[in-house]
Amino acid sequence: MDSRKQALMLKAADSVAVALRKLEKGSVVSVFFQERMFQIVLKDSIEFGHKFAVVPMRKGDDVRKYGEVIGMASRDIAVGEHVHVHNVEGKRGRGDKIGRRENGTAHGLSAP
Amino acid sequence: MAAEKMEPLMGYRRPDGQIGIRNHVLILPTITCATQTAQRITELVDGTVTFIHQHGCAQVGVDYEQTFRTYVGLGKNPNVYGVVVLGLGCETHQARSVAGELKKAGKPVEVVSIQDYGGTLSAIAEGAKIAAQMVQDASAQQRVPFRFDELIIGTECGGSDACSGLSANPAVGAVSDKIVDLGGTAILAETTELIGAEHLLAQRAADDQVAKRVYEVIQAMENRAFQMGVDIRTGNPSPGNMKGGLTTLEEKSLGAAAKAGSRPLQQLVNYAERPTKKGLVWMDTPGHDIEQLTGMVAGGAQLVLFTTGRGTPTGSPIAPVLKIATNTAIFERMRENIDINAGTIIEGTETVEEVGQRIIDEIVLTCLGKKTKSEILRQHDFGLWRIGPTF
């Protein structure tokens, strides 16, 4: 990781990048992925270590980091928005969702 | 670097053939009622360690067995020279039963029971006399050379932030790979914090049975949240994790899994169970920092690597814990607790491999006797994964 980098995207499939320093709302951020670089206008201020969207997401879409699913968008998310607990929810360990899904099961738990 | 080319480490050879990097006399209270007495003995006798807990009575079945296995595992840890097992007398976890198992390891073991000796003061006096002799005998033992293939290193992350998966955890992963390549054992733990990353580890399982166990322990852990009818996120990721930028358990898990490096997963062991295979081994533990630490030490780990983004004082009475900061800010702020800074990876001044090498160097020094921050501060944490109710 280069000290000049403001943000880091880990895998090509990712929908978010990680801020490597505090980034201000309205600023244009250069996001690096391997040898590529693209620019994103931030719609929110992003704290060190927090994430922002690099692609638009619809409510219900998978959110990806490390090339893997880290959760689901709980509302539509625009490019440059802060991506965190206010607009993403986890899909695993959701005992609170038991019985509320269409098929009556939660992930990893077989139907009674 | 091949094992034969590395400088030998120095440790204490035990009667059962294991090698310790510390030479403690453990005052082991099998019951909560004896923990205060054990504490007094450690105040009187230099070279002794103990821990405070609330277990050892009114426990049954698998919960009894897991607690028993943990006590025995801690006593058998090769960093322990000898054990004074301290009981009250009427508890379910009888001091004599624990001592009986420990004696099989051939190390010095004595039992002191508060009821048998006529009370607290008499038990303290008797326990201290025995411990003092053990400490002197321990101090006469000379260290002998050994190699990395006799090391069991525990790995753990606690107080994680968004840097954990980018800096300190990958660096520990590089160390894990190196230890495995040198013929040693690296333990991956915290099943809760591998939910969402299990497929990546199952793909690396040495055989189908290990892969099957990966999915079994993950499902069992996830089912506990289902049975309670709660979002696991109300407890994990924690508020500090979220402030640090971690949004979901899956995100935390994918970062945590980086500690496991890239080598094949050889075995999946139960909590506090000693691995019978070398290489990368997964121990089924909760994500709770102290409960997993205790489980790994009871499983024979002589040393533990602990990454932290939010900062933590964590330590063990038995195994040195090397703490590794994921970012430079927390390293600077909590230098008194943290041994190594991996934040340089985020800043781009060091690579993952370079930090990994620094951690290896520190492991060597720690094995040779250098004290970790948690040892100096006598951070003697103990936490037990209880799997049944108290009756």
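## Strand β8 of chain B and its partners

In this predicted model, Ile153(B) of strand β8 has Ala186(B) as its bridge partner in strand β9(B). The two strands, of which β9(B) spans residues 185–188, pair in the parallel sense over three bridges. The pairing is accompanied by a helical connection, since β8(B), helix α5(B) (residues 168–181) and β9(B) make a right-handed β-α-β unit. A further parallel pairing links β8(B) to strand β12(B), residues 303–308, over five bridges, and within β12(B) the bridge partner of Cys157(B) is Thr307(B).

Why can β8(B) be described as largely enclosed by the rest of the structure? Six of the six residues of this strand, which covers residues 152–157, are buried, so the surrounding structure largely encloses it. In a regular strand the side chains alternate between the two faces of the sheet. For β8(B), one side carries Ile152(B), Gly154(B) and Glu156(B), the other carries Ile153(B), Thr155(B) and Cys157(B), and all of these residues are buried, which leaves both faces covered.

## The seven-stranded sheet

Strand β8(B) belongs to an open sheet of seven strands in chain B, with parallel pairing and the order β10-β11-β9-β8-β12-β13-β14. The edges are formed by β10(B) (265–269) and β14(B) (340–341), each of which has a single partner strand, so one side of each is left without a neighbour in the sheet.

## Domains of chain B

Chain B is divided into domain 1, residues 24–139, and domain 2, residues 148–376. The C-alpha centres of domain 1 and domain 2 of chain B lie 29 Å apart, and the contact between them takes 14 residues from domain 1 and 13 residues from domain 2. On the domain 1 side of this contact, the elements that give two or more residues are β3(B) (24–29) and α2(B) (61–76), and α2(B) gives the most, with five residues. By class, that side of domain 1 has six nonpolar, seven polar and one charged residues.

A separate annotation comes from UniProt, where an unreviewed entry lists residues 11–138 of chain B as "domain: D-galactarate/Altronate dehydratase second". In the model, the chain over residues 11–138 of chain B is 42% helix and 20% strand, and the end C-alpha atoms of this stretch are 12 Å apart.

## Chain A

Chain A has zero helices and nine strands, so that read from the N terminus on its elements run β-β-β-β-β-β-β-β-β. Of the 112 residues in chain A, buried residues make up 39%. Where contacts in chain A between residues at least 6 apart in sequence are considered, 43% join residues at least 24 apart.

## The contact between the chains

How many residues does each chain bring to the contact? Chain A contributes 30 residues and chain B contributes 31 residues. On the side of chain A that touches chain B, the elements that give two or more residues are β7(A) (68–73) and β9(A) (88–89). Strand β7(A) gives the most to this side, with four residues. Sorted by class, the side of chain A that touches chain B has eleven nonpolar, nine polar and ten charged residues.

Note on methods:
Residues are numbered from 1 along each chain as its sequence is written. Chains are lettered from A and ligands numbered from 1 in the order in which they are written. This is a predicted model: local features need pLDDT of at least 70, side-chain atom pairs count only at pLDDT 80 or more; totals for chains, interfaces and linings use all residues. UniProt positions are given in the numbering used here, feature names are shortened, and annotations may be inferred rather than shown by experiment. A residue is buried if 20 or more other C-beta atoms lie within 10 Å of its own, exposed if 12 or fewer, and partly exposed in between; C-beta atoms are placed from the backbone. Two strands pair if DSSP finds at least two bridges between them. A crossover is right-handed if, with the strands pointing away from the viewer, the path from the first strand over the helix to the second runs clockwise. Two residues are in contact if their C-beta atoms, placed from the backbone, lie within 7 Å. Ala, Val, Leu, Ile, Met, Phe, Trp, Tyr, Cys and Pro count as nonpolar, Asp, Glu, Lys and Arg as charged, and the others, Gly among them, as polar. Domain bounds come from an automatic or database domain assignment.
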